[in-house]
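Student: Can we go through this fold together, piece by piece? I'd like to see how the helices and the sheet fit together.

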Amino acid sequence: MIICGTGHRPNRLGRPGLSGYDPRVTDAMLGAIDATFTEHGVTPTHIISGMALGFDLALARYAVARDIPWTAAIPFEGQERLWPEDSQRLWRDLRALATDVQIVSPGGYSPAKMQVRNRWMVDRADQVLALWDGSPGGTANAVSYARLRNKPVINAYEHFTRLRP
């Protein structure tokens, strides 16, 4: 089963730290992914990560740690250029470990390219894993698009809130 992920950025989920989260928040996200997959009987055969700070990078780390083939769906070349150096380093390290790397849109930054990337991921997935608190924004847009495309969405947020420090 091909799973793509969508979720909040660091400012919505926890305290700052390496790559946007302190290690305890990252551990909570990884635990929430495990718990949600177990609860819903999901066994991913491939994962698609949008490679943004926060949940996207946690999902990529999950795939690497469990040896699940995965795609780095990069919205545009240079996505990471304005991030802190430690975040850029993690992003580059994870990108190098991806089974497949897809630059979804040519050229540089544009806010619309994040939405194009989200649709690209949903269109290629069987199911969507969200880390979403129900608020409006990019994650909500991705969930809405998944539902429009009749893709099942499972939300790891409840498990995350129980595990978060």
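**Helix contacts and the sheet**

Tutor: Let's start with a helix pair; keep in mind that this is a predicted model. Leu57, Ala60, Arg61 and Val64 in helix 3 meet Leu90, Trp91, Leu94 and Leu97 in helix 4.

Student: How many residues of the contact of helix 3 with helix 4 are charged?

Tutor: Helix 3 brings Leu57, Ala60, Arg61 and Val64 to this contact. The residues there divide into seven nonpolar and no polar, and the charged count is one.

Student: Are helix 3 and helix 4 parallel, perpendicular or oblique to each other?

Tutor: Helix 3 (residues 55-65) and helix 4 (residues 85-97) have axes 10 Å apart and pack at about 45°. Their crossing is left-handed. Roughly parallel would need an angle under 35 degrees and roughly perpendicular 65 to 115, so the two helices are oblique.

Student: On to the sheet: which strands stand at the edges?

Tutor: Six strands form an open sheet with parallel pairing, in the order 4-3-2-1-5-6. Two of them have a single partner strand each, so one side of each is left without a neighbour in the sheet. Those are strand 4 (100-103) and strand 6 (153-155).

Student: Which residue in strand 6 does Ala130 stand opposite?

Tutor: Strand 5 (residues 127-131) pairs with strand 6 in the parallel sense, over three bridges. Opposite Ala130, in strand 6, stands Asn155.

Student: What angle does the direction of helix 5 make with that of strand 3?

Tutor: Helix 5 (residues 112-124) packs on the sheet, touching strands including strand 1 (2-7) and strand 2 (46-49). With the direction of strand 3 (70-74), its own direction makes about 155°.

Technical notes
Residues are numbered from 1 along each chain as its sequence is written. This is a predicted model: local features need pLDDT of at least 70, side-chain atom pairs count only at pLDDT 80 or more; totals for chains, interfaces and linings use all residues. Side-chain values use heavy atoms; hydrogens and water are left out. Two strands pair if DSSP finds at least two bridges between them. Helices (H or I, at least four residues) and strands (E, at least two) are DSSP runs, numbered from the N terminus. Contact means heavy atoms within 4.5 Å. Axes are lines fitted to C-alpha atoms, for helices over the stretch in contact, and angles run from 0 to 180 degrees between N-to-C directions. Angles under 35 degrees count as roughly parallel, over 145 as roughly antiparallel, 65 to 115 as roughly perpendicular and the rest as oblique. A crossing is left-handed if the near helix is turned anticlockwise from the far one by less than a right angle, and right-handed if clockwise. Ala, Val, Leu, Ile, Met, Phe, Trp, Tyr, Cys and Pro count as nonpolar, Asp, Glu, Lys and Arg as charged, and the others, Gly among them, as polar.
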